[in-house]
Amino acid sequence: MPQIETYNAPLSHRIMAFVFGLLQTISRFFFRLIFGAKGDHMPPITDPILLESATSLATKIRNQQLSSVQVLESFIRRIKEVNPLLNCVVDQRYDEALKEAAAADELIKSGNYTVDQLAEEKPFLGVPISTKDCIAVKGLLHTAGLYARRDVRADEDAESMALMRKAGAIPFALTNVSEVCMWWESNNTVHGRTSNAYDTNRIVGGSSGGEGCVQSAAGSPFGLGSDIGGSIRMPAFFNGIFGHKPSKLIVSNKGQFPTPFSDEQNSFLGLGPMSRFAEDLRPMLQIMAGDKAKLLRLNTPVELEKLKFFYQESDGGGRMVSSVDPDLQQAMRRVVQHLSEKFGNTKVERVQLPQFRQSAAIWFANMRDDSGHGFSYQLGDLRYDINTYLEMLKWLVCASKHTLIGLITAIMDSLQCQHGSSKYNHMVAKRDELRANMQKLLGDNGVLIYPTHPTVAPYHNEPLLRPINFSYTGIVNVLGFPATAVPLGLGSEGLPLGVQVIANFNEDRLCLAVAEELERAFGGWKRPEVQL
């Protein structure tokens with residue numbers, strides 16, 4: 001049985017944690033004072049088509065129980081209802097998509113394919129799909145929230161989107177992101193800020209925040225996200241949907257902007273599926289993985305009763321990281337109780353991996369590379385380094401085209417350890433030690449259940465005061481493991497709760513099977529509150 005280590009923090013760390021906690025309490029009081037009661041309520045979902053999974057819609061379309069045009073029109077209407085409140089969709093191709101939907105309906109009616117052939121060759125034929133404004137969709141904006149790219153449009157689809165198109169899906173909407181996709185609130189100077197469907201005063205996460213939001217509001221049946229520090233899993237968590245970061249180097253990153261600076265950074269980045277329904281993730285990943293899908297054995301059944309379930313309740317006391325909310329602690333206990341009752345106490349084991357305390361430091365160090373470029377180069381559209389201090393002065397007089405957090409991130413990035421330094425090598429060794437320990441722990445039949453984030457969705461701008469909280473997801477990227485964000489209903493503030501399920505390399509099917517089990521147990525996605 002893994003050892004549970006008790007961490008006795010130095011006095012200076014305990015004082016810092018107390019001050020940090022006090023500042024969070026005070027700041028939360030002022031945020032509540034500023035924003036007041038909950039934000040706008042969502043229009044009710046009155047169209048039953050909007051409540052179907054992508055998998056179910058595909059089945060009904062190819063069996064001619066629904067038409068693709070009918071389905072697409074339903075989601076377009078829903079986006080037009082909710083987008084004025086949420087600002088989640090930033091570009092669209094509705095007219096072209098409707099023509100493609102009509103063509104899909106004609107193909108089905110032609111009788112040239114049997115229903116079984118369609119299910120095999122075009123499993124998502126006629127189903128509308130959305131993605132974020134950093135994953136290329138031919139003809140749509142491809143800005144990554146960067147003002148210098150405000151007029152850039154994609155010449156071709158990203159490889160993942162091309163594979164989804166080949167499988168019959170119809171791209172129809174593009175969703176908001178954070179500036180160059182490197183912050184966990186979706187806000188930029190091109191498209192503005194996106195608001196949470198459960199409380200418009202709260203964030204949607206980033207960088208796939210607009211994607212998580214449009215799905216949570218039933219504006220899209222499924223979509224593609226990308227994740228280098230939690231950019232699928234945090235938005236999935238904040239918006240109460242499912243999102244999967246695949247094992248490293250399984251899904252092609254071609255067509256994602258910004259591009260990684262090195263092969264190792266490329267291994268940290270993962271494009272993956274997002275949906276309100278767990279059953280959509282597996283077939284989506286099967287398609288997105290292309291020729292590498294065979295490495296994942298996604299069609300091999302998972303015998304849940306033979307799995308080992310490990311869980312860790314927190315990072316163990318990371319510096320400048322929030323404590324886990326009581327609602328989230330209770331959600332974790334409910335998951336543990338369910339798994340223990342269904343599969344036996346001996347199958348569920350608490351662990352405490354001490355390296356998780358240093359998740360942020362490990363992530364920052366491992367993101368360094370020998371290219372000589374940093375975040376300021378990304379803000380320069382991968383063409384030049386911006387002068388971050390000059391831009392900060394311009395921002396103070398409302399003359400900069402960059403976000404405040406983008407500039408702060410660039411400055412902080414320049415202060416991190418350098419590639420090849422002793423600190424860099426130390427943190428790489430820490431990562432390798434943690435990776436080896438987790439590989440030994442998980443084997444080929446184990447999963448780790450871990451908080452996706454220490455708090456529920458914060459207020460707008462509040463992440464500025466708790467910037468390191470992304471470390472709960474970021475650590476998984478530099479380890480390269482697959483992880484699935486799983487919603488667990490709503491907490492006391494009416495905001496989504498959840499956990500992430502982590503498995504060993506190429507054991508994505510274990511994450512997905514556990515996600516499906518937890519959806520059966522806890523109900524998965526919940527409709528946002530409406531005004532009666």
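This is a short talk on the overall build of one protein chain and on its helix H1.

A word on the source before the numbers: what you see is a predicted model. Every value I give is computed from it.

Start with the whole chain. Its secondary structure amounts to 18 helices and 13 strands. The radius of gyration is 22 Å, and the globule rule gives 24 Å for 532 residues; the two are close, so the chain is as compact as a globular protein of that length. If you want outer dimensions, the C-alpha atoms fill a box of roughly 75 × 60 × 50 Å along the principal axes.

Now the inside and the outside. Of the 532 residues, 60% count as buried. Take the contacts between residues at least 6 apart in sequence: 78% of them join residues at least 24 apart. On the outside, the accessible surface comes to about 20,800 Å², and carbon and sulfur atoms account for 53% of that.

Charges next. The chain has 54 positive and 56 negative charges, and their mean positions lie 3 Å apart.

Last, one element: helix H1, which runs over residues 11–35. From first C-alpha to last, the 25 residues of H1 reach 36 Å, close to the 36 Å expected at 1.5 Å a residue.

Which residues of H1 are buried? They are Phe20, Gln24, Ser27, Arg28 and Phe31. Note that Arg28 is on that list, along with the two phenylalanines, Phe20 and Phe31.

Just after H1 comes Gly36, with a positive phi of about 70°.

That is where I stop.

Definitions and conventions:
Residues numbered from 1 in each chain as written. Predicted model: local features only at pLDDT ≥ 70, side-chain atom pairs only at ≥ 80, totals over all residues. Heavy atoms only, no water. Helix = DSSP H or I, 4+ residues; strand = E, 2+ residues; numbered from the N terminus. Rg over C-alpha atoms; globule rule 2.2 N^0.38 Å. Buried < 20%, exposed > 50% of the residue type's maximum accessible area, 1.4 Å probe, protein only. Contact = heavy atoms within 4.5 Å. Areas by Shrake-Rupley, 256 points an atom, 1.4 Å probe, with all protein chains shown as cover. Lys, Arg positive; Asp, Glu negative; His and termini not counted. Charge placed at Lys NZ, Arg CZ, Asp CG, Glu CD. Expected span 1.5 Å × (residues − 1).
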